[in-house]
Amino acid sequence: MRLKTSLPKEPKHKELVSCVGWTTADELYSCSEDHQILKWTLLTNETSLVVRLPEDIYPVDLHWFPKTVGAKKQTQAEIYALTSTDGKFHLVSKMGRIEKSVEAHKGAVLAGRWNYDGTALITAGEDGQIKIWSKSGMLRSTLVSQGSPVYSVAWGPDSDRILYSSGRQLIIKPLQPNAKVIQVWDSFGRLLHSSSSQDYPVTSLSWAPDGEVFAVGSFNTLRLCDKTGWSYALEKPNTGSVFSLAWSADGTQLAGACGNGHVIFAHVVEQHWEWKNFVITLTKRRTMQVRNVLNDAVDVLEFRDRVIKASLAFDHLVVATSLQCYVYNSRNWNTPLIFDLKEGTISLILQAEKHFLLVDGSGLYTYSYEGRLISTLKFPGMRADILNAQTASLSNDTIAIRDKTDEKVIFLFDAMTGRPIGEGKPLTHKLEVLEIALDQCGPSTERKIALIDKNRDLYLTSVRHLGREPKICKIGSMVHSMAWNDTANILCGIQDDQFTVWYYPSVVFTDKELLPKTIYTKDGSEFARAPHILSYVGAKVTLRQRDGSLVYSSVPIYPALLHEYSASARWEDALRLCRFAKDQHLWACLAGMAMANRDLNTAEMAYAAIKELPRVQYINFIKEQPSKDSSLAHMLMFSGHVQEAEATLLQAGLIYQAIQVNIDLFNWNRALELAVKHKTHVDTVLAYREKFLQKFGRKETNKRFLQYSEGVEVDWEKIQAKIEMELSKEREKAANTTVRSSVASRH
């Protein structure tokens, strides 16, 4: 990725240019100390004078009123705030008429910024004050008063706090009174990146709208950097110092205000996308080159308008231009499917196997690869413009969105209808969530979501809970980055100083003690510290290091094969694979998969292979159960689902079995409660309780047990006979059910 710059032969301004601002993606306003405001029309390469400012106004900063105000959308910005050295800010119309001038500060007004919904303007001055003004220019409050000038100020993404400079410090100040002031670099207080010393002072910096890259201006220098700090490109134009930088709303173009009277324009080219054997490069604003690395075949894709966003995955390339969306199949690059877009500024494209998600300033839209609109998403407090690949995730049946107002909340939607999943209740974690990812394979009923929270702990939970409280299980700690595989539900992550692969993360719901045995780790010394995972396709993981270099790591292919065999219930093939590979990780995965699918014979062999003898014995005990209901209940017990196991037995009318389950777990109160409620086996509970206390040489102290032991006689012979009768009744019932079902199947 690099910047392709363009400079006019002669500067249009006679003095240094102090600030620039985009009205649309093809129109820019520039202000200079020659008192002129010029309009640059990029489509026709024309420059025209908008207005000549009064001689006493020397502009410092310019910021256009935001295009989106609540739900109301303006087609283009109609007014801008212009700050000047005389202590005033001016509200200026698009035609250049000064609508209002306000005395704001003593000394120059060094910065002026509208918040994201246009309800407030913030100004910072040489006098060390920061003030908030209404849209009409009325003073609301003085937020900061300090002894040194405030050179820059910025709004937080929710317009509820500001970031400003104070000498060598950056300070975040919430707008609410009595809230704590934090001196930080990111919102959790960590320094994310510190560059080496540059040749000249850095005079300007600007983030692209999607937050993936930022541009840095200096003397005769323009640099494009990744969000983690490393440089994509360095340009050395003849500009003097670049005093101000501004990105167009679609993030494809950059303009800079230069010290020698020039306005420099740059657009981003040579972006790369990779998928399996295809490498795609954006060579020009409207042209892409597709290279098949297997046979070195090259295709050139031409577009009518400039490319804004693109995504390559699941054998499809999705390209959003300023007006249209193009969908290419990797088997045929010549005939794309094209449809018009509602709004030009696509900020994010997410892909799944069956469809893709487009995110723009006004909403989220799911499309099929045939170009059909499947669903549109709406949710309370939606801020689609600030979603990114870490806070939104897509699978074949589910869309997950991390809430911006409360970062502990994850909204889950059905991808086909756009409606909230279940009863519409979102998933709530105990801490702020930094990153989410949905698995890509299997039926929708088994869909899982992985999340990394503020403590860098990795959790896994089911998307569909069927009315139960979601069970959120921790599967890793100190996880910096993660990605699901595209063909199997295998998760990889960067965990502290090692590369970790969870071959079968869902085992945590079946037998959590198996989880450590299903994890494959690789020493991370071959990577730089905390690299970022870009993709996990097939057996190849692509990682981006801190210095921007790409590194690749391979993962054994056997786990993906095992997932395939398990999904199609080919247990004999799965056993053969494990015997061939002779890998304990695979046997542990197979044990978990077989138990999840209730294939006890395979599970028994797999547990035996990893020497888990108590589990082998319990599986044999499950096999010996007199009925299917008992077997199912004990399988639920095996996975730790005690309440579900009890409910299954009670529903089947197996009261004694439900009581016995609680006795085995020493849930004495619950066992007695069930016996009393159903008026059966009270003596059984008392007998087992007495035996338990005798073993430990204790006396009964529980009032309920003392109460019932007075009126109930305990006779072990009678109890054994009763239990035997219960079991024979259960066997008989199971046999009758089998006969009835076989007769029904014949008819």
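**Notebook: charges, patches and spans**

I started with Glu526, which counts as partly exposed at 47% relative accessibility. The model I am reading is a predicted one. I placed Glu526 in the loop between strand S50 (519–523) and strand S51 (532–537). I then asked which residues gather with Glu526 in a patch of negative charge on the surface. I found Asp496, Asp497 and Asp523 there alongside Glu526.

**The chain as a whole**

I stepped back to look at the overall count. The chain has 747 residues, and 51% of them are buried. I read off 13 helices and 53 strands. Along the principal axes, the C-alpha atoms fill a box of roughly 110 × 65 × 50 Å.

**Two annotated spans**

I took two spans from UniProt and checked what each is made of. An unreviewed entry there lists residues 102–134 as "repeat: WD". In the model I find 61% strand and 0% helix over residues 102–134. The C-alpha atoms at the two ends of that span are 12 Å apart.

The second span is residues 586–732, listed by UniProt, again in an unreviewed entry, as "domain: IFT80/172/WDR35 TPR". I find 77% helix and 0% strand in residues 586–732. The end C-alpha atoms of this span lie 40 Å apart.

I also noted one pair of residues for distance. How far apart in space are Cys473 and Ile719, C-alpha to C-alpha? I get 41 Å, for a separation of 246 residues in sequence. Cys473 is found in strand S46, which covers residues 473–476. I note Cys473 as buried because its relative accessibility is 11% and the cut-off for buried is under 20%.

**Other surface patches**

I looked next for positive charge. Lys4, Lys284, Arg285 and Arg286 form a positive patch on the surface. I located Lys284 in strand S28, residues 278–284. Is Lys284 buried or exposed? Its relative accessible area is 51%, and exposed means over 50%, so I log Lys284 as exposed.

Then I turned to nonpolar side chains. Leu534, Leu550 and Tyr552 make up a nonpolar surface patch, and together they have about 260 Å² of accessible area. I put Leu550 in strand S53, residues 550–554. Leu550 has a relative accessible area of 33% and is partly exposed.

**Salt bridges**

How many salt bridges does the count come to? I have 30 in my notes. I followed some of them by hand.

Glu212 pairs with Lys227 in a salt bridge, and the closest N and O atoms are 3.4 Å apart. Why does this pair tie together separate parts of the chain? Glu212 lies in the loop between strand S20 (204–207) and strand S21 (213–218), while Lys227 lies in the loop between strand S22 (221–226) and strand S23 (231–235), so the parts joined are 15 residues apart in sequence. I checked cover on both sides of the pair. Glu212 is partly exposed at 30% relative accessible area, and Lys227 is partly exposed with 30%.

Next I took Asp305 and Arg304, a salt bridge whose closest N and O atoms are 3.3 Å apart. The two partners fall into separate classes in my notes: Arg304 is exposed, with a relative accessible area of 51%, whereas Asp305 is buried, with 14%.

I then looked at Lys454, which forms a salt bridge with Glu432; the closest N and O atoms are 3.9 Å apart. This pair links distant parts of the chain, 22 residues apart. Lys454 sits in the loop between strand S44 (448–453) and strand S45 (458–462). Glu432 sits in the loop between strand S42 (427–428) and strand S43 (433–438). I noted Lys454 as partly exposed at 36% relative accessibility. Glu432 is partly exposed as well, with a relative accessible area of 23%.

My last look was for salt bridges that share partners. Asp397, Asp414, Asp439, Arg447 and Arg464 are joined by such bridges into one network.

Methods:
Residues are numbered from 1 along each chain as its sequence is written. This is a predicted model: local features need pLDDT of at least 70, side-chain atom pairs count only at pLDDT 80 or more; totals for chains, interfaces and linings use all residues. Side-chain values use heavy atoms; hydrogens and water are left out. UniProt positions are given in the numbering used here, feature names are shortened, and annotations may be inferred rather than shown by experiment. Helices (H or I, at least four residues) and strands (E, at least two) are DSSP runs, numbered from the N terminus. Patches are made of residues with over 30% relative accessible area and no salt bridge: like charges are joined within 9 Å, nonpolar side chains (Val, Leu, Ile, Met, Phe, Trp, Tyr) within 5 Å. Accessible areas come from the Shrake-Rupley method with a 1.4 Å probe; for residues, only the protein chains shown count as cover. A salt bridge is a side-chain nitrogen of Lys or Arg within 4 Å of a carboxyl oxygen of Asp or Glu. Lys and Arg count as positive and Asp and Glu as negative; His and the chain ends are not counted. The place of a charge is taken as NZ of Lys, CZ of Arg, CG of Asp or CD of Glu. Buried means under 20% relative accessible area, exposed over 50%, partly exposed in between (1.4 Å probe, protein chains only).
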